[in-house]
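Here is a short set of exercises to work through with the model on your screen. Try each task yourself before you read its solution.

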Amino acid sequence: MGSFISKNKSGTTAGPVPMTYYAKAQSVKPPLIANENAFLGDVSSSEKLDPEKPISAGFYRLEKGTPLVYEYTYHEMKIIIEGSFDISDEVGNKAHAVPGDVFYFPKGSKITFTTDDYGLAFYTGQRKKDGA
């Protein structure tokens with residue numbers, strides 16, 4: 001997973017910067033993060049390459065049970081890839097989210113996630129690895 005990236009005296013990257021590939025990343029159930037039914041796990045982060053403005057990405061899974069109420073301390077985008085979620089905010093916006101739906105949760109928003117069965121989403125957040 002690691003690659004050597006050299007930097008010149010000005011601090012910018014010298015030479016080509018390699019991509020990183022995570023085969024079958026979706027096949028692993030993320031770790032439990034809240035209640036008995038909310039799972040989240042970062043797959044990758046730019047924290048080592050850009051510690052001042054990192055982004056982290058991974059999978060969020062919610063199973064039927066306790067709603068997850070989450071207050072974002074960072075900006076995040078989420079795309080629903082399996083199942084469904086019912087998502088609402090403090091302003092009163094509500095959506096029944098299905099595969100292909102994309103959401104933006106601004107820093108400071110308080111979001112409630114529920115599901116009748118389960119939902120799986122891929123997210124990218126402007127935060128350090130494992131900082132959710």
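The exercises below go from the whole chain to a sheet, a surface patch and two backbone angles.

This is a predicted model, in which local features need pLDDT of at least 70, side-chain atom pairs count only at pLDDT 80 or more, and totals for chains, interfaces and linings use all residues. Residues are numbered from 1 along each chain as its sequence is written, and side-chain values use heavy atoms, with hydrogens and water left out.

**Exercise 1. The whole chain**

Task: Describe the secondary structure, extent and burial of the chain.

Solution:
- Step 1: Begin with the elements, where helices (H or I, at least four residues) and strands (E, at least two) are DSSP runs numbered from the N terminus. The chain has zero helices and 10 strands.
- Step 2: Look at the extent. Along the principal axes, the C-alpha atoms fill a box of roughly 55 × 30 × 25 Å.
- Step 3: Turn to burial, where buried means under 20% relative accessible area, exposed over 50%, and partly exposed in between (1.4 Å probe, protein chains only). Of the 132 residues, 29% count as buried.
- Step 4: Check the surface, using accessible areas from the Shrake-Rupley method with a 1.4 Å probe; for residues, only the protein chains shown count as cover. The chain exposes about 8400 Å², and carbon and sulfur atoms supply 56% of that area.
- Step 5: Finish with contacts (heavy atoms within 4.5 Å). Among those between residues at least 6 apart in sequence, 65% join residues at least 24 apart.

**Exercise 2. A four-stranded sheet**

Task: Find the strand order of the open sheet of four strands, and explain why β4 and β7 each have a side without a neighbour.

Solution:
- Step 1: Two strands pair if DSSP finds at least two bridges between them. The order in this open sheet is β4-β9-β6-β7, with antiparallel pairing.
- Step 2: β4 (68-71) and β7 (94-97) stand at the edges with a single partner strand each, so one side of each has no neighbour in the sheet.
- Step 3: From one strand to the next, the twist averages 20° (axes are lines fitted to C-alpha atoms, for helices over the stretch in contact, and angles run from 0 to 180 degrees between N-to-C directions).
- Step 4: Now follow β9 (residues 110-114), which pairs with β4 over four bridges. Glu-71 stands opposite Lys-110, and Val-69 has Thr-112 as its bridge partner.
- Step 5: β6 (residues 85-89) also pairs with β9 over four bridges. Here Ser-88 has Thr-112 as its bridge partner.
- Step 6: Compare the faces of β9: Ile-111 and Phe-113 make the covered one, while Lys-110, Thr-112 and Thr-114 make the uncovered one.

**Exercise 3. A nonpolar patch**

Task: Which residues make the nonpolar surface patch of about 440 Å²?

Solution:
- Step 1: Patches are made of residues with over 30% relative accessible area and no salt bridge; like charges are joined within 9 Å, and nonpolar side chains (Val, Leu, Ile, Met, Phe, Trp, Tyr) within 5 Å. A salt bridge is a side-chain nitrogen of Lys or Arg within 4 Å of a carboxyl oxygen of Asp or Glu.
- Step 2: The patch is made by Met-77, Ile-79, Val-102, Tyr-104 and Phe-122.
- Step 3: β5 (76-83) and β8 (102-105) each supply at least two of the patch residues.

**Exercise 4. Positive phi**

Task: Where are Asn-35 and Asp-130 placed, and are they exposed or partly exposed?

Solution:
- Step 1: Asn-35 is in the loop between β1 (32-34) and β2 (38-45). Although not a glycine, Asn-35 has a positive phi of about 50°, and it is partly exposed at 41% relative accessible area.
- Step 2: Asp-130 is in the segment after β10 (118-125). Asp-130 is not a glycine either, yet has a positive phi of about 60°, and it is exposed at 56% relative accessible area.
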